[in-house]
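I opened this one to go through strands, cores, helix packing and a few odd backbone spots. My notes follow in the order I looked things up.

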Amino acid sequence: IEDHGVPAAYWAARFIEGHNGAYAGLGGAIENGIDRPLNWAVCFCDFLRYQNPLPEGETASVSDANVAYKRADLELVRPIWQEIFHEASVNGALRSQGKKLALEPRAVLYQHRQGLRLGPAIRERFVWGRSYGATRARLAGAAQRLFWCAFAPGLPFLMLARMTLSVWKKRRTVAPFLKALPFTTALVVSWSCGELTGYVTGRANAAGSLAADAIARGTAGTA
């Protein structure tokens, strides 16, 4: 979990129960723990897919903000995470070994990011979007990069439409979503600008990535 994650009652017990099965990794639900529009916006951007209600059982991905792996299975892919842990790489490596991941909706974690401010949150989103775009660009050909660049201006609309549909389907946080929508829109636009920059340059901003990690972990004066 992250250092600003606060587990709900019986969180550990739910993971222990779930690991009696054959799954290599169990991901829990992630909820917002601070009722402020900006906190809601950040949580919607980062963890909407992991908010309850979650479909219990096998899944293709789990979030490293609330996950428990069997140690023996994690050791099988140690070279993947020994230097730095990226959830997508680790989860993909486990699946390539024939291991399975699952969701455990009863293992709930609340995000308590204190002192969030809009400016740093927007910068954080840009840096992460640029990192994502640069990673995709390095793995793609020139034609694919041009295609992504051409359609990047439509990303905010696509992302917001997907988020709106997901919130509507879950039916739990419609009111907070509407209150947070101006902040969510700003964060989504910033991410999209960063993603486009990553596609164009093919490079992430290493210093910016470190700053974004510090912001996220509450060590840069924002938490």
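**Strand pairing**

I started at the N-terminal end of the sheet: Gly-5 has Gln-111 in β5 as its bridge partner. Before going on, I noted that this is a predicted model, where local features need pLDDT of at least 70, side-chain atom pairs count only at pLDDT 80 or more, and totals for chains, interfaces and linings use all residues. Residues are numbered from 1 along each chain as its sequence is written, and side-chain values use heavy atoms, with hydrogens and water left out.

My labels are DSSP runs numbered from the N terminus, helices being H or I with at least four residues and strands E with at least two. Two strands pair if DSSP finds at least two bridges between them.

Gly-5 led me to strand β1 (residues 5-7), which pairs with β5 in the antiparallel sense over 3 bridges. I then checked β3 against β5 and got an antiparallel pairing, again with 3 bridges. There, Thr-59 stands opposite Leu-101 of β5.

Next I asked how β2 and β5 run, parallel or antiparallel. They run parallel, joined by 8 bridges. I looked up two of the positions: Gly-28 has Glu-104 in β5 as its bridge partner, and Glu-31 stands opposite Tyr-110 in β5.

β2 also pairs with β4, antiparallel, over 3 bridges. Leu-26 has Ala-68 in β4 as its bridge partner.

**Burial of the strands**

For accessibility I used a 1.4 Å probe on protein chains only: buried is under 20% relative accessible area, exposed is over 50%, and partly exposed is in between. In β2, 8 of the 8 residues are buried, so I wrote the strand down as mostly covered. β5 has 9 of its 11 residues buried, so it is largely enclosed by the rest of the structure.

**Nonpolar cores**

I searched for nonpolar cores, meaning sets of buried Ala, Val, Leu, Ile, Met, Phe, Trp, Tyr and Cys residues joined through side-chain atoms within 4.5 Å. The largest has 19 residues, and Phe-47, Val-62, Tyr-69, Val-90 and Leu-94 touch the most other members. At least two residues of this core come from each of β2 (25-32), α2 (37-47), β4 (67-69), α5 (87-96) and β5 (101-111). Another core lies apart from it, with 15 residues, among them Leu-38, Leu-48, Ala-121 and Val-188.

I pulled the neighbours of Tyr-69, taking contact as heavy atoms within 4.5 Å. Leaving out residues up to four places away in sequence, Tyr-69 touches His-19, Ala-24, Gly-25, Val-62, Leu-74, Phe-85, Val-90, Asn-91, Leu-94 and Leu-101.

Ser-63 was on my list too. Where is Ser-63 found? Ser-63 is in the loop between β3 (57-59) and β4. Its relative accessible area is 4%, so Ser-63 counts as buried. With the sequence cut-off of four places again, Ser-63 touches Ile-30, Phe-47, Tyr-50 and Glu-87.

**Helix packing**

I fitted axes as lines to C-alpha atoms, for helices over the stretch in contact, with angles from 0 to 180 degrees between N-to-C directions. The axes of helix α6 (residues 118-138) and helix α9 (residues 174-201) come within 6 Å and cross at roughly 35°. By residue class, that contact has 14 nonpolar, 7 polar and 4 charged residues; Ala, Val, Leu, Ile, Met, Phe, Trp, Tyr, Cys and Pro count as nonpolar, Asp, Glu, Lys and Arg as charged, and the others, Gly among them, as polar.

**Two helix residues**

Gln-144 is in helix α7 (residues 142-151), partly exposed at 34% relative accessibility. From Gln-144 to Tyr-199, 55 residues apart along the chain, the C-alpha separation is 9.6 Å. Leu-158 sits in helix α8 (residues 155-170) and is partly exposed at 39%. Its C-alpha is 34 Å from that of Val-77, with the two positions 81 residues apart along the chain.

**Backbone oddities**

I found a cis peptide bond joining Asn-52 and Pro-53, with omega about 5°. Pro-53 lies in the loop between α2 and β3.

Tyr-10 has a positive phi of about 65° although it is not a glycine. Tyr-10 lies in the loop between β1 and α1 (11-18) and is exposed at 62% relative accessible area.

Arg-171, also not a glycine, has a positive phi near 65°. I placed Arg-171 in the loop between α8 and α9, where it counts as exposed at 54% relative accessibility.
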